[in-house]
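Subject: Structure handover

Hello,

Here is the structure we spoke about. Please open it first, then read the notes below it.

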Amino acid sequence: MSFFGGQLLWDDFDGDGDQDVAVVRYGWDDSAPPDHIWLQQDRWKFRVSQVIRGNEQWGSDAAKADFDQDGDVDLFIGQCGGDNKLWFNDGKGKFLENIELGSGSHAVAVGDVDSDGDVDIFVVGCAPPTVWINGLVKPAKDTVP
Ligand SMILES: [Ca+2]
Ligand SMILES: [Ca+2]
Ligand SMILES: [Ca+2]
Ligand SMILES: [Ca+2]
């Protein structure tokens, strides 16, 4: 197995009050395990919730935030040898939908770069450094109360 590890992220991905973990791996062949989500069942007992399909290799770094501001924790997974993907949580710890945001990353960081209230993404690595400004949610001033 060719598996360097990549990133581990703790959070309550399924919204049941306990901490779960996302495992993003960085490998160079098909024998390495894919990225997946471990959900905590009983105290400190975990089960694999979901293999994150489409992130088959080269997950170099990851970050978590509620990117679409719907109340659950989403995942951004950067891949050195593939497309970076923003995965949306269905609220139960499943990540079935994604959008591609460039490719070729080694490290990712998140924060509100443009100070409009939503979380943006900064990527550096194999490709030129890129800032992805979050346009998924409208600025607060545009929302109807
Ligand atoms: Ca949980
Ligand atoms: Ca969300
Ligand atoms: Ca969601
Ligand atoms: Ca922002």
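A good place to begin is the pair E9 and E10, which run antiparallel and are joined by five bridges. One position to look at is Val-110, whose bridge partner in E10 is Ile-121. Please keep in mind that this is a predicted model.

E9 and E10 belong to an open sheet of three strands, ordered E9-E10-E11, with antiparallel pairing. The edge strands are E9 (107–111) and E11 (130–132), and each of them pairs on one side only. On average, neighbouring strands in this sheet are turned by 20 degrees against each other, direction ignored.

Now to Val-110 itself, which is found in strand E9. Is Val-110 buried, exposed or partly exposed? The residue has 18 C-beta neighbours inside 10 Å, so Val-110 counts as partly exposed; a buried residue would need 20 or more. Leaving out residues up to four places away in sequence, Val-110 touches Ala-63, Ala-65, Phe-76, Val-119, Asp-120 and Ile-121. Val-110 also shows how the chain brings together parts that are apart in sequence: Lys-64 is 46 residues away along the sequence, but the C-alpha atoms of the two residues are 7.9 Å apart in space.

Next, the overall make-up. The protein has eleven strands and zero helices, so to speak a plain run of β elements when read along the sequence: β-β-β-β-β-β-β-β-β-β-β. Of the 145 residues in the protein, 36% are buried. Among contacts with a separation of 6 or more, 37% are between residues 24 or more positions apart.

There is a second open sheet to find, this one of four strands in the order E5-E6-E7-E8, again with antiparallel pairing. E5 and E8 (95–103) stand at its edges with a single partner strand each, so one side of each has no neighbour in the sheet. Here too, the average turn between neighbouring strands is 20 degrees, direction ignored. Within this sheet, six bridges join E7 to E8, which run antiparallel. Lys-85 has Glu-100 in E8 as its bridge partner.

A hairpin is also worth finding. E3 and E4 form it, with five residues between them. The two strands pair in the antiparallel sense over five bridges, and Gln-40 has Phe-46 in E4 as its bridge partner. In the turn, Trp-44 has a positive phi of about 60 degrees.

Last, the core. Which residues in the largest nonpolar core touch the most other members? They are Ala-62, Leu-75 and Phe-76, in a core of 21 residues. The elements giving two or more residues to this core are E2 (20–24), E3 (36–40), E5 (59–65), E6 (74–79), E7 (83–89) and E10 (120–124). To follow one of these residues further, look at Leu-75: not counting residues up to four places away in sequence, Leu-75 touches Ala-22, Ala-62, Lys-64, Trp-87 and Phe-95. Phe-76, another of the three, is among the residues that Val-110 touches.

When you look along any of the strands, one general point may help: in a regular strand, side chains alternate between the two faces of the sheet.

Regards

How values were computed:
Residues are numbered from 1 along each chain as its sequence is written. Chains are lettered from A and ligands numbered from 1 in the order in which they are written. This is a predicted model: local features need pLDDT of at least 70, side-chain atom pairs count only at pLDDT 80 or more; totals for chains, interfaces and linings use all residues. A residue is buried if 20 or more other C-beta atoms lie within 10 Å of its own, exposed if 12 or fewer, and partly exposed in between; C-beta atoms are placed from the backbone. Two residues are in contact if their C-beta atoms, placed from the backbone, lie within 7 Å. A nonpolar core is a set of buried Ala, Val, Leu, Ile, Met, Phe, Trp, Tyr and Cys residues joined through C-beta atoms within 7 Å. Two strands pair if DSSP finds at least two bridges between them. Axes are lines fitted to C-alpha atoms, for helices over the stretch in contact, and angles run from 0 to 180 degrees between N-to-C directions.
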